[in-house]
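Visitor: I'm happier with a pipette than with a ribbon diagram. Could you walk me through how to read one?

Guide: Sure, let's bring it up and take the features one by one.

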Amino acid sequence: MNFYSVRHLTRFRYERPVSESIMETRMHPRSDQSQHCLTFSLSVSPRCRVFSYRDQYGNNVQHFDIPGEHDQLVIVAESLVEQQPPLDVPFFLSPDAWRALDAMVAEGDYGEMLLPSTFAQTTPALLELARELNVVRRDDPLQLVHELNNRIYEYFEYVPRSTRVDSPIDEAIASRQGVCQDFAHTMIALLRHIGIPARYVSGYLYRSREDHDRSMPDASHAWVEVLMPHLNWVGFDPTNDLTASNRHIRTAVGRDYADVPPTYGIFRGKTKSELYVAVKVEASHEAPPLDRKLPIPDDWSVLVERAQQAPERTIPILDLQQMQQQQ
């Protein structure tokens with residue numbers, strides 16, 4: 001059994017004060033059979049009331065509105081998560097696994113995880129990649145997914161910030177480089193193309209000194225879950241050529257990144273904004289006290305609220321906040 005404390009800092013700075021910010025966050029880890037979120041808190045500066053709800057995929061969502069003028073917005077999400085030892089994922093299933101998978105799909109409600117979505121599109125470039133990687137119904141569905149996880153890992157070079165948060169998968173396929181977001185979207189689109197339900201997972205990956213992951217330790221992470229007969233949803237991390245383990249901390253699932261961005265919002269004003277993100281994940285083998293307050297590191301001392309004077313006039317323009325790319 002492992003315990004992880006997660007701190008996720010997001011800071012928006014504006015060249016000129018904005019008069020309102022409306023924000024929605026998905027940084028509260030999920031609780032399920034193998035993972036349990038023991039504590040969670042969301043701190044926002046300037047101060048405001050934070051509300052919560054569950055979306056259609058069962059994700060925990062926090063939302064808030066800051067109506068006063070401010071020149072920066074800081075969000076700190078702090079979590080304590082308990083992870084059970086992972087179940088072993090076999091390399092292959094029974095000879096009738098394709099038929100069993102199709103029966104699961106016919107009897108269940110998996111349509112959304114089979115159709116193209118905002119970032120997981122069946123494009124000509126994707127179809128060409130499917131031919132190159134021999135992504136067709138063959139062998140055993142689980143064996144094919146294991147192989148595809150490895151082939152995508154080898155096909156793409158991992159290059160931080162080589163794509164944008166809204167880049168279509170064609171850009172990563174053409175350049176053969178990207179970040180975890182691109183790896184996950186490409187794998188999802190390839191699997192849906194051959195009738196395997198696949199969904200996008202947003203979260204964090206703990207990395208110790210012994211681990212040699214390609215993904216960045218100071219950013220949120222993304223991987224894929226695939227529906228398999230007898231196993232239900234199984235996690236695969238094509239960025240690092242891994243099956244998801246108890247190092248993978250799940251915060252949200254959806255069709256693709258568009259359903260699960262860590263932060264999504266708008267502000268009222270006409271100005272440029274600067275986004276800064278930092279993530280820290282720490283592990284322990286013993287449960288820390290549940291009332292322990294997770295300290296904010298010294299280098300995160302940007303959480304000082306500033307009193308702002310009223311603006312001379314409000315510019316009634318709504319602009320989308322910058323979004324966090326998952327590295």
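Visitor: Let me start with a helix on a sheet. Which strands does H3 lie across, and at about what angle does H3 run to E11?

Guide: One thing before that: this is a predicted model. Now, to describe a helix packed on strands, you name the strands and give an angle. Helix H3 (141-155) lies across E10, E11 and E12, and runs at about 20° to E11.

Visitor: And what is the strand order in the sheet with those strands?

Guide: Read a sheet from one side to the other, not along the chain. Here 5 strands form an open sheet in the order E12-E11-E10-E9-E13, with antiparallel pairing. At the edges sit strand E12 (242-243) and strand E13 (248-254), each of which pairs on one side only.

Visitor: How many bridges join E10 to E11?

Guide: There are 5 of them, between E10 (residues 221-228) and E11 (residues 232-237), running antiparallel. To see one, find Met228: its bridge partner in E11 is Asn232.

Visitor: I can see another sheet. What is its strand order?

Guide: That one is an open sheet of 4 strands, again read across: E3-E6-E1-E15, paired antiparallel. Strand E3 (35-45) and strand E15 (273-284) are its edge strands, pairing on one side only. On average, neighbouring strands in this sheet are turned by 10° against each other, if you ignore direction. In its middle, E1 and E6 (residues 70-83) are antiparallel and joined by 13 bridges, and one place to look is Leu9, whose bridge partner in E6 is Val76.

Visitor: While we're on E1, is His8 buried or exposed?

Guide: For burial, look at relative accessibility. His8, which is found in strand E1 (residues 2-18), counts as buried because its value is 0%. Its side chain has a partner, too: a polar contact of 2.7 Å joins it to the side chain of Tyr204.

Visitor: Back to helices. Which residues of H2 are buried?

Guide: The general idea is that an α-helix has 3.6 residues a turn, so residues three or four places apart point the same way. In helix H2 (residues 124-132), the buried ones are Leu126, Leu129 and Ala130. Seen down the axis of H2, these buried residues fall within an arc of 105°, so they line one face. On the face turned away from that buried side, you'll find the exposed residues Pro124 and Arg131.

Visitor: What covers the buried residues of H2?

Guide: The cover includes helices H3, H4 (169-175) and H5 (180-193). Also have a look just after H2, where Asn134 takes a positive phi of about 55°.

Visitor: Now a bench question: how many disulfides does the structure hold?

Guide: A disulfide is a covalent bond between the sulfur atoms of two cysteines, and the structure holds 0 of them. Take Cys37: the closest cysteine sulfur, in Cys48, is 20 Å from its own, too far for a bond. Cys37 counts as buried, at 10% relative accessibility, whereas Cys48 is partly exposed, at 26%.

Visitor: Last one, a loop. Which residues does Val159 contact, leaving aside its neighbours within four places in sequence?

Guide: Leaving those neighbours aside shows you contacts from further along the chain. For Val159, in the loop between strand E7 (157-158) and H4, they are Gln177, Gly178 and Val179. Val159 counts as partly exposed because its relative accessibility is 22%.

Notes: Residues numbered from 1 in each chain as written. Predicted model: local features only at pLDDT ≥ 70, side-chain atom pairs only at ≥ 80, totals over all residues. Heavy atoms only, no water. Buried < 20%, exposed > 50% of the residue type's maximum accessible area, 1.4 Å probe, protein only. Helix = DSSP H or I, 4+ residues; strand = E, 2+ residues; numbered from the N terminus. Arc of directions from axis to C-beta. Contact = heavy atoms within 4.5 Å. Polar contact = N/O pair within 3.5 Å; in protein donor to acceptor, adjacent residues only side chain to side chain. Disulfide = S-S within 2.5 Å. Pairing = 2+ DSSP bridges. Axes fitted to C-alpha atoms, helices over the stretch in contact; angles between N-to-C directions.
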